[in-house]
Amino acid sequence: MVRPSPQSDAWRERIRGQVREAAASDESYLRPIAALPPPEDVARHLVRQGLRDHRARRYEAALAKFLQALQLHPTYGAARFDAACAYARLGRLEQAMVRLRELAEDAEAGCTDCRARLRAAATDADLAPLRGRADFPALTHRSTAELSAAGRPATGPTPRPASLPRPSCTRPAR
């Protein structure tokens, strides 16, 4: 379940105001402003760009894109998970744990994609520095236990919207 984003609504209202102003002054401004994609689509695009930077080991650039995506779509699980991966690669482990805890909160609220990402976190190579922490296994095991309690298998494919990028931010083996 994805909660509505107040920031997204404010962004849309600001754009609508700009469209009304442009329409009152000059019709030529109307087309480009009205053609702006919804913030959720922009967030998905930013995550895809961030994943490219991440695979190229440009972790700071990737993190910046993931955080921009979270500003546009604060409950976007892919952006949270991938930001956690980038933080871990940069050695900013506490910030990585904050993002994973946020992901766990959304998983508890019913986000199945968030649960799948938490399960993936248990084996994700980017999050390896976090595995030694006492609070890390609790996050990943909790998501597996929640799925089992709901009568769903804890392993195997988890359904997710086709519009989302792949849940893992790991690079392919060389």
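Begin by selecting helix H7, where eight of the 10 residues are buried, so this helix is largely enclosed by the rest of the structure. Keep in mind throughout the tour that what you have open is a predicted model. If you colour the buried residues of H7, you will pick out Asp113, Cys114, Arg115, Ala116, Arg117, Leu118, Arg119 and Ala121.

Stay in helix H7 for the next stop and select Leu118, which is found there. Is Leu118 buried or exposed? Leu118 has a relative accessibility of 2%, and because residues under 20% are classed as buried, Leu118 counts as buried. Now add Thr140 to the selection: Leu118 and Thr140 lie 22 residues apart along the sequence, while their C-alpha atoms are 5.2 Å apart in space.

Next, zoom out and show the whole chain as a cartoon, in which you can count eight helices and zero strands, so that, read from the N terminus on, the elements run α-α-α-α-α-α-α-α. Of the 174 residues of the chain, 41% count as buried, and the chain as a whole exposes about 9,300 Å², of which carbon and sulfur atoms supply 56%. Among contacts between residues at least 6 apart in sequence, 64% join residues that are at least 24 apart.

Now turn to the interior. In soluble globular proteins, nonpolar side chains tend to be buried together. Here the largest nonpolar core has 34 residues, and a useful selection is the group with the most contacts inside it, namely Val47, Phe66, Phe81, Leu100, Leu127, Leu130 and Phe136. Which helices each supply at least two residues of this core? They are H3 (39-55), H4 (59-72), H5 (77-89), H6 (93-108), H7 (112-121) and H8 (136-149), and the largest share, nine residues, comes from H5.

From that group, select Phe136 and display its surroundings: leaving aside residues up to four places away in sequence, Phe136 touches Met97, Leu100, Ala121, Ala122, Leu127, Leu130 and Arg131.

For the last stop, select H4 and H5 together, and look along the place where they pack at an angle of about 150°, with their axes 9 Å apart. That angle makes H4 roughly antiparallel to H5, and H4 passes H5 in a left-handed crossing. To see the contact itself, show the side chains of Tyr59, Leu63, Phe66, Leu67, Ala69 and Leu70 on H4, and those of Ala79, Arg80, Asp82, Ala83, Ala86, Tyr87 and Arg89 on H5.

Methods:
Residues numbered from 1 in each chain as written. Predicted model: local features only at pLDDT ≥ 70, side-chain atom pairs only at ≥ 80, totals over all residues. Heavy atoms only, no water. Core = buried A, V, L, I, M, F, W, Y, C linked by side-chain atoms within 4.5 Å. Buried < 20%, exposed > 50% of the residue type's maximum accessible area, 1.4 Å probe, protein only. Helix = DSSP H or I, 4+ residues; strand = E, 2+ residues; numbered from the N terminus. Contact = heavy atoms within 4.5 Å. Areas by Shrake-Rupley, 256 points an atom, 1.4 Å probe, with all protein chains shown as cover. Axes fitted to C-alpha atoms, helices over the stretch in contact; angles between N-to-C directions. Parallel < 35°, antiparallel > 145°, perpendicular 65-115°, else oblique. Left-handed = near helix turned anticlockwise from the far one by under 90°.
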